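User: I'd like to walk through this model with you, a question at a time. Can you take a look and talk me through what you see?

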Amino acid sequence: MSDLGSEELEEEGENDLGEYDGERNEVGERHGHGKARLPNGDTYEGNYEHGKRHGQGIYKFKNGARYIGEYVKNKKHGHGTFIYPDGSRYEGEWADDQRHGYGVYYYVNNDTYTGEWFAHQRHGQGTYFYAETGSKYVGTWVNGQQEGAAELIHLNHRYQGKFLNKNPIGPGKYVFDIGCEQHGEYRLTDVERGEEEEEEETTMMAVVPKWKATKITELALWTPTLPEEQPPMEGTGPEEAPGAEGGGEPSEEGQAPADASEGEMDSMRLGEDYGGGSREEGREYGREEFRYDTIDPGIVSFEEEESKQSELPE
């Protein structure tokens with residue numbers, strides 16, 4: 001990640017006039033629109049005011065860099081775009097020749113920073129996108145460094161916490177797309193960075209943050225959505241049998257059990273009024289009704305067969 005600034009590409013001062021072709025005021029100063037070729041090989045085309053670049057203009061450096069934007073008294077001020085020699089560019093606000101305000105920096109490795117600037121550095125709220133991994137840092141910056149509350153977003157999870165000198169520090173949490181969170185804390189630890197030299201008594205150390213998890217929250221419960229009940233079809237009442245739609249008579253299989261239930265109920269009432277003989281007669285009647293509808297014809301008692309034979313005409 002490079003951050004080549006325009007401070008390495010100084011523009012010609014007001015005393016380095018060079019060649020000029022354009023408008024002048026009554027005292028001979030460059031005033032209005034004009035073109036200038038400066039002694040160092042840079043060129044400028046745009047507006048002048050009292051001999052200084054002022055207003056909209058285009059300044060081209062001999063090494064290929066160029067600025068397209070607003071000037072105030074020879075300094076980049078206002079909104080402008082600076083394209084650097086390595087191909088990176090900045091589009092945004094300027095103040096006193098420095099990136100200042102809100103702007104977007106497009107780096108040569110396709111990373112981008114979008115946010116606030118102060119005195120030529122990332123400062124304030126901003127988002128840095130890492131093109132290689134697809135991750136992005138969304139949070140605060142101090143003097144070009146990631147510092148303060150922020151969120152580091154990856155493809156399938158994110159970290160929320162505080163940063164200091166580009167490193168996460170203190171309590172925070174990882175939020176995973178599957179619905180759970182891991183809470184913990186980052187602690188800075190010293191790690192050996194190089195081999196110990198004979199003349200040195202101490203080993204060079206690097207500070208590296210180390211994550212320590214404390215708890216994991218439960219997964220969010222998932223409640224399925226039940227299908228809505230379908231309304232009854234037109235023309236079919238709630239009490240009609242399924243076969244009624246065809247127009248035929250009700251099947252014996254659906255009718256006989258209802259008759260048998262009525263017979264059993266009748267037999268119970270008869271038994272209460274007239275004694276046990278009528279109760280048995282009612283039960284026999286009920287069994288005959290069930291025989292044709294719900295019982296295998298081959299499983300019939302001897303008493304039922306005898307009764308059936310006696311009912312046949314002689």
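Analyst: Happy to. Let's start at a turn: E3 and E4 make a hairpin with two residues between them, and His 50 in that turn has a positive phi of about 55°. Keep in mind that this is a predicted model.

User: How many bridges pair E3 with E4, and in which sense? And which residue in E4 stands opposite Tyr 48?

Analyst: The two strands pair in the antiparallel sense, over six bridges. For Tyr 48, the residue opposite in E4 is Arg 53.

User: Back to the turn. Is His 50 buried, partly exposed or exposed?

Analyst: His 50 sits in the loop between E3 and E4, and its phi near 55° is a positive value in a residue other than glycine. Most residues other than glycine have a negative phi. The relative accessible area of His 50 is 48%, and buried would need under 20% while exposed would need over 50%. So His 50 counts as partly exposed.

User: Where else does a residue that is not a glycine have a positive phi of about 55°, and in which loop does that residue lie?

Analyst: Look at the loop between E9 and strand E10 (121–129). The residue there has a relative accessibility of 34%, so it counts as partly exposed. Its phi is positive, about 55°, although it is not a glycine. The residue is Ala 119, in the loop between E9 and E10.

User: What about Glu 49: which residues is it in contact with, leaving aside neighbours within four places in sequence?

Analyst: Glu 49 belongs to strand E3, and at 37% relative accessibility it counts as partly exposed. Its C-alpha atom is 8.9 Å from that of Arg 24, which is 25 residues away along the chain. Its contacts beyond the four-place window are Arg 30, His 31 and His 54.

User: Which glycine takes a positive phi in the hairpin of E4 and E5?

Analyst: E4 and E5 pair in the antiparallel sense over six bridges, and Tyr 59 has Tyr 67 as its bridge partner in E5. Five residues lie between the strands of this hairpin, and the glycine with phi near 110° is Gly 64.

User: And in the hairpin of E1 and E2, which turn residue has a positive phi?

Analyst: Strand E1 (residues 19–24) and strand E2 (residues 30–37) run antiparallel and are joined by five bridges. Asp 21 has Lys 35 as its bridge partner in E2. There are five residues between the strands, and the one with a positive phi of about 90° is Gly 28.

User: Now the rings. How many aromatic pairs does the structure hold, and what is the geometry of Tyr 113 with Trp 141?

Analyst: The structure holds 31 aromatic pairs. In the one formed by Tyr 113 and Trp 141, the centres are 5.2 Å apart and the planes are 80° apart, and the pair is edge-to-face. This pair links distant parts of the chain, with Tyr 113 in strand E9 (residues 112–118) and Trp 141 in strand E11 (residues 136–142), 28 residues apart.

User: Are Tyr 113 and Trp 141 buried or exposed?

Analyst: Tyr 113 has 0% relative accessibility, so it counts as buried. Trp 141 comes in at 4%, and under 20% is the cut-off, so Trp 141 is also buried.

User: Which tyrosine forms an edge-to-face pair with Trp 141 at 75° between the planes?

Analyst: The centre-to-centre distance is 5.2 Å for this pair. Both partners are buried. The tyrosine is Tyr 137.

User: Which residues have the most contacts inside the largest nonpolar core?

Analyst: That core has 27 residues. Strands that each supply at least two of them include E3, E9 and E11. Tyr 137 also reaches beyond its sequence neighbours, with contacts including Tyr 130, Leu 152 and Phe 163. The residues with the most contacts inside the core are Phe 82 and Tyr 137.

User: Which charged side chains sit over Tyr 67 and over Tyr 113?

Analyst: Over the face of Tyr 67, at 5.7 Å from the ring centre, lies Lys 76. The charged end over the ring of Tyr 113, 5.7 Å from its centre, belongs to Arg 122.

User: Zooming out, what share of the residues in the protein chain is buried?

Analyst: The chain has three helices and 16 strands. Its accessible surface is about 21500 Å², with 50% of that belonging to carbon and sulfur atoms. Of the 314 residues, the buried share is 26%.

Note on methods: Residues numbered from 1 in each chain as written. Predicted model: local features only at pLDDT ≥ 70, side-chain atom pairs only at ≥ 80, totals over all residues. Heavy atoms only, no water. Phe/Tyr/Trp six-rings, centres within 6.5 Å; stacked < 30°, edge-to-face > 60°. Helix = DSSP H or I, 4+ residues; strand = E, 2+ residues; numbered from the N terminus. Buried < 20%, exposed > 50% of the residue type's maximum accessible area, 1.4 Å probe, protein only. Lys NZ or Arg CZ within 6 Å of the ring centre and 35° of its normal. Areas by Shrake-Rupley, 256 points an atom, 1.4 Å probe, with all protein chains shown as cover. Pairing = 2+ DSSP bridges. Core = buried A, V, L, I, M, F, W, Y, C linked by side-chain atoms within 4.5 Å. Contact = heavy atoms within 4.5 Å.
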